[in-house]
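Trainee: Got a minute to walk me through this one? I'd like to start with the surface.

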Amino acid sequence: DRWYQRRVRGLIRISHTFKVAPMVRSYKNKLGGPSTSRRKQRKAYFRAPSNVRRKIMSARLSPELKAKYGVKSLPIHKDDEVQVMRGTYKTREGKITNVYRKKYQIFIEKISKEKANGASYNIPFNASNVMITGLKLDKNRKKTIERKAAGRAKLKGQKGPEKFTEETVTQMSAVDD
């Protein structure tokens, strides 16, 4: 009956506790793509596991780094140097001291406020509101940059060395004649 169906789906509260929801699944629409439902998008965002949150917490690279590495954005990392691009602290720069994935927040050194009792606390920022100006490179980060740069080059049609050199083109045209 209807009550049982709602109970099974976890919509009815029993003994003052809610049924624990399952882990995040990729929510898809009828055509197989990601869902366009705001409710499902929010559910996926707030229930995302740490590895998915890492990717969500990406920031764009500065024009110099973008030209150097051929990559638009990277996941934020502790000890990266960033510049705040939005809000009260716009144009302030600093090093990331903490990446708090659970709350989708990052903390930047030297950007803090004073409490009424005199204690200072760090101000949280969203990763989308900062721009990376300096990278902390390790072997995994280098691999990620190489992989992303190769993908971008492939999309742009820059597949490295040309398949045909001028010599092979002239030889082929001679064969055609």
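Trainee: How much area does the chain expose, and what share do carbon and sulfur atoms supply?
Mentor: About 13900 Å² is exposed. Carbon and sulfur atoms supply 51% of that. Keep in mind that this is a predicted model.

Trainee: And what percentage of the residues count as buried?
Mentor: 23%, in a chain of 177 residues. The cut-off for buried is under 20% relative accessible area.

Trainee: Switching to the fold. How many helices and strands are there?
Mentor: The chain has 6 helices and 7 strands.

Trainee: In which pattern along the sequence?
Mentor: It reads α-α-α-β-α-β-β-β-β-β-β-α-α.

Trainee: What about contacts between residues 24 or more positions apart?
Mentor: They make up 47% of the contacts in the chain with a separation of 6 or more.

Trainee: Now backbone angles. What is the phi of threonine 91?
Mentor: Positive, about 75°, although threonine 91 is not a glycine.

Trainee: Where does threonine 91 sit?
Mentor: In the loop between strand E3 (81-84) and strand E4 (93-100).

Trainee: Why does threonine 91 count as exposed?
Mentor: Because its relative accessibility is 54%, and exposed means over 50%.

Trainee: Next, lysine 110. What is its phi?
Mentor: Near 75°, a positive value in a residue other than glycine.

Trainee: Which element holds lysine 110?
Mentor: Strand E5, residues 105-114.

Trainee: Is lysine 110 buried or exposed?
Mentor: Lysine 110 is exposed, because its relative accessible area is 68%.

Technical notes: Residues are numbered from 1 along each chain as its sequence is written. This is a predicted model: local features need pLDDT of at least 70, side-chain atom pairs count only at pLDDT 80 or more; totals for chains, interfaces and linings use all residues. Side-chain values use heavy atoms; hydrogens and water are left out. Helices (H or I, at least four residues) and strands (E, at least two) are DSSP runs, numbered from the N terminus. Buried means under 20% relative accessible area, exposed over 50%, partly exposed in between (1.4 Å probe, protein chains only). Contact means heavy atoms within 4.5 Å. Accessible areas come from the Shrake-Rupley method with a 1.4 Å probe; for residues, only the protein chains shown count as cover.
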